[in-house]
Amino acid sequence: MILVSLNPFVLRRIFIVILALIGLSCATAYSEPLLISVKSTPYDRQMTRIRPILTADGHAERSQVSLRLVNQWIGGLRSIPYGFTAVWKTPAETKSGAPADCKAKAVALYERMKDNGATELRLVIGKRTTTSRSTHAWVEWNCEGTNYVLDPTINWMAYRSSDLGSRTYVPYYAFAGQKKYRAASATLVAQN
């Protein structure tokens, strides 16, 4: 009979390495997408009408935006009937009360928040769910370290992105002022 003895320190090291690898693989699977700065997007030509709204400076000297106020604005835009248009509407056209789609409502919310001093805003184009057939537009707002998804087409209030899960609000492109971004998963970036 042959007895094999393993050093307990070696087993401990192997166990720690395995736990670390499992932890890292789980952490990257559930992380939020990274935004990579790009010079152009497939939406640039379509967005010509609203580019001045995205790049305009805010009018308020300091932020007058609270979560309660944002929820009121979302509710007001949510009450506008839905109607798809191929052209991006300006906020003035959206406020007219005529039917508006997700693009129009998101741009109107973006402008209103920016005019009231909100910072760290992004207009996002992506998918509402991973199984959605068409793209969707919404606003993301980072306020005091918490990222909120603001969707005045579907929701009546803001939601923390951390509460929504990885299968909803999947970004493809984001616009913040003059900057344009393409979304990439943290796993893909880590591999490259």
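**Exercise 1. The salt bridge of Asp44 and Lys180**

Task: In this predicted model, determine what joins the side chains of Asp44 and Lys180, and where the two residues lie.

Solution.
Step 1. The N to O distance between the side chains of Asp44 and Lys180 is 3.0 Å, and the pair forms a salt bridge.
Step 2. Asp44 sits in the loop between β1 and α2, whereas Lys180 belongs to strand β7 (residues 179-184). The two residues are 136 residues apart, and the pair links distant parts of the chain.
Step 3. Is each partner buried or exposed? The cut-off for buried is under 20% relative accessible area. Asp44 is buried because its relative accessible area is 16%. Lys180 has 15% relative accessibility and therefore counts as buried.

**Exercise 2. The surroundings of Asp44**

Task: Establish which residues Asp44 contacts, leaving aside its neighbours within four places in sequence, and which network of salt bridges includes Asp44.

Solution.
Step 1. The loop that holds Asp44 runs between β1 (34-38) and α2 (51-55).
Step 2. With neighbours within four places in sequence left aside, Asp44 is in contact with Lys39, Arg51, Phe175 and Lys180.
Step 3. The side chain of Asp44 also makes a polar contact of 2.8 Å with the side chain of Thr41.
Step 4. A network of salt bridges links Asp44, Arg51 and Lys180.

**Exercise 3. Two further salt bridges**

Task: State how many salt bridges the count comes to, and describe the burial of the pairs Asp101 with Lys103 and Arg160 with Asp163.

Solution.
Step 1. The count comes to 7 salt bridges.
Step 2. In the salt bridge of Asp101 with Lys103, the closest N and O atoms are 2.6 Å apart. Both Asp101 and Lys103 are buried.
Step 3. Arg160 and Asp163 meet through their side chains in a salt bridge of 4.0 Å, N to O.
Step 4. Arg160 is partly exposed, because its relative accessibility is 42%. Asp163 has a relative accessible area of 54% and is therefore exposed.

**Exercise 4. Helix α3**

Task: Compare the span of helix α3 with the expected one, and identify its buried residues and what covers them.

Solution.
Step 1. Helix α3 (residues 67-78) has 12 residues. From first C-alpha to last, helix α3 reaches 16 Å, close to the 16 Å expected at 1.5 Å a residue.
Step 2. Val70, Trp73, Ile74, Gly75 and Leu77 are the buried residues of α3.
Step 3. An α-helix has 3.6 residues a turn, so residues three or four places apart point the same way.
Step 4. The cover over the buried residues of α3 includes the helices α4 (91-95) and α5 (102-115), together with the strands β3 (136-143) and β4 (146-150).

Note on methods
Residues are numbered from 1 along each chain as its sequence is written. This is a predicted model: local features need pLDDT of at least 70, side-chain atom pairs count only at pLDDT 80 or more; totals for chains, interfaces and linings use all residues. Side-chain values use heavy atoms; hydrogens and water are left out. Helices (H or I, at least four residues) and strands (E, at least two) are DSSP runs, numbered from the N terminus. The expected span of a helix is 1.5 Å times one less than its number of residues. Buried means under 20% relative accessible area, exposed over 50%, partly exposed in between (1.4 Å probe, protein chains only). Contact means heavy atoms within 4.5 Å. A polar contact is a pair of N or O atoms within 3.5 Å; within protein, one must be able to donate a hydrogen and the other to accept it, and residues adjacent in sequence count only if both atoms are side-chain atoms.
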